[in-house]
Amino acid sequence: MRIWSVHPRYLDRQGLTAGWREGLLAQKVLTGTTKGYRNHPQLRRFRAAGDGARMDEAVASGGGGSGAHVAPAPGLTPGGHVPGTPLDVVPDDGAGPAISTYLHGIVDEASRRGYTFDRSLVLGPAVTELRLEVTDGQLAYEWEHLRAKLAVRSPDVAKLWVDVVVPDPHPLFHVVPGPVAEWEIVTVSEEPGPASSSPPA
């Protein structure tokens, strides 16, 4: 599963389609409608959005804590259960709006290119004020990873972005200083340098 932090504009047709499919799978995991992929490391940052929502609920009820408010995922019962799903599949409250916002970004880019992705499959609206953090190290790593893919399968698209050193993030994310995310599996040869412009081996 690859949930890109880079802006969808940089993805080729295959990448945009894969991002859509992977995002829909992540939505199922995060809203408790499937048991598969529940421990996938790519989903940690979306779960962190859910943790922030639970922290705010604790503050509102006098339980202490702090965190940026994120609304619970749409379609949940007051107890946090998705109707029609097994009770042992627990959704991540707050992660639903994050993945919905991610998916809307993918659909917006697809629409801009004239592709038709079914927006009705996204379980909630985009939350424009919602921002998750992505480190500059993670963004650089993903950029090199994507450039290597584009060079092989879509060289014409790769040429469009040859002068981009630092890509824009997906609208869901804002960039903070830091290393490659701890959930990435990175070999030493793939570590992005401070001004790295060549794709990983």
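Let's start with a side-chain pair: Gln 42 and Arg 45 are joined by a polar contact of 3.5 Å. Keep in mind that this is a predicted model, so that distance, like the others here, is a computed one.

Where does Gln 42 lie? Look in the loop between α1 and α2. Despite that loop position, Gln 42 counts as buried, because its relative accessible area is 2%, and the cut-off for buried is under 20%. The Gln 42 side chain also has a partner in the backbone: one of its polar atoms lies 3.3 Å from the backbone nitrogen of Ile 3. Ile 3 turns up again among the contacts of Gln 42 beyond four places in sequence, together with Met 1, Arg 2, Trp 183 and Glu 184.

Now follow Arg 45 to another residue. Leu 132 is in contact with Arg 45, and also with Phe 46, Ala 49, Ala 98, Leu 172, Phe 173 and His 174, if you set aside its neighbours within four places in sequence. Leu 132 belongs to the largest nonpolar core, which has 35 residues. Which members touch the most others? They are Trp 20, Phe 46, Tyr 102, Leu 132 and Leu 146. The elements giving two or more residues to this core are α1, α2 (44-60), α3 (95-112), β1 (132-135) and α4 (136-153). Of these, α3 supplies the largest share, with eight residues.

Next, have a look at Asp 12, in the segment just before α1 (13-30). Is Asp 12 buried or exposed? It's buried, since its relative accessible area is 1%, against a cut-off of under 20%. So who keeps this side chain company? The Asp 12 side chain makes a polar contact of 2.7 Å with the side chain of Arg 153, and another, of 2.6 Å, with the side chain of Ser 154. Arg 153 and Ser 154 are also on the wider list of residues that Asp 12 touches beyond four places in sequence, along with Arg 113, Leu 150 and Val 157.

Finally, a word on confidence. The protein averages a pLDDT of 78, and 70% of the residues score at least 70. Two stretches to treat with care are residues 53-91, where pLDDT stays under 50, and residues 195-201, where it also stays under 50. The model does place contacts there beyond four places in sequence: 65 for residues 53-91 and eleven for residues 195-201. Where pLDDT is low, though, the predicted coordinates shouldn't be read in detail.

Methods:
Residues are numbered from 1 along each chain as its sequence is written. This is a predicted model: local features need pLDDT of at least 70, side-chain atom pairs count only at pLDDT 80 or more; totals for chains, interfaces and linings use all residues. Side-chain values use heavy atoms; hydrogens and water are left out. Helices (H or I, at least four residues) and strands (E, at least two) are DSSP runs, numbered from the N terminus. Buried means under 20% relative accessible area, exposed over 50%, partly exposed in between (1.4 Å probe, protein chains only). A polar contact is a pair of N or O atoms within 3.5 Å; within protein, one must be able to donate a hydrogen and the other to accept it, and residues adjacent in sequence count only if both atoms are side-chain atoms. Contact means heavy atoms within 4.5 Å. pLDDT is the predictor's confidence in each residue, from 0 to 100. A nonpolar core is a set of buried Ala, Val, Leu, Ile, Met, Phe, Trp, Tyr and Cys residues joined through side-chain atoms within 4.5 Å.
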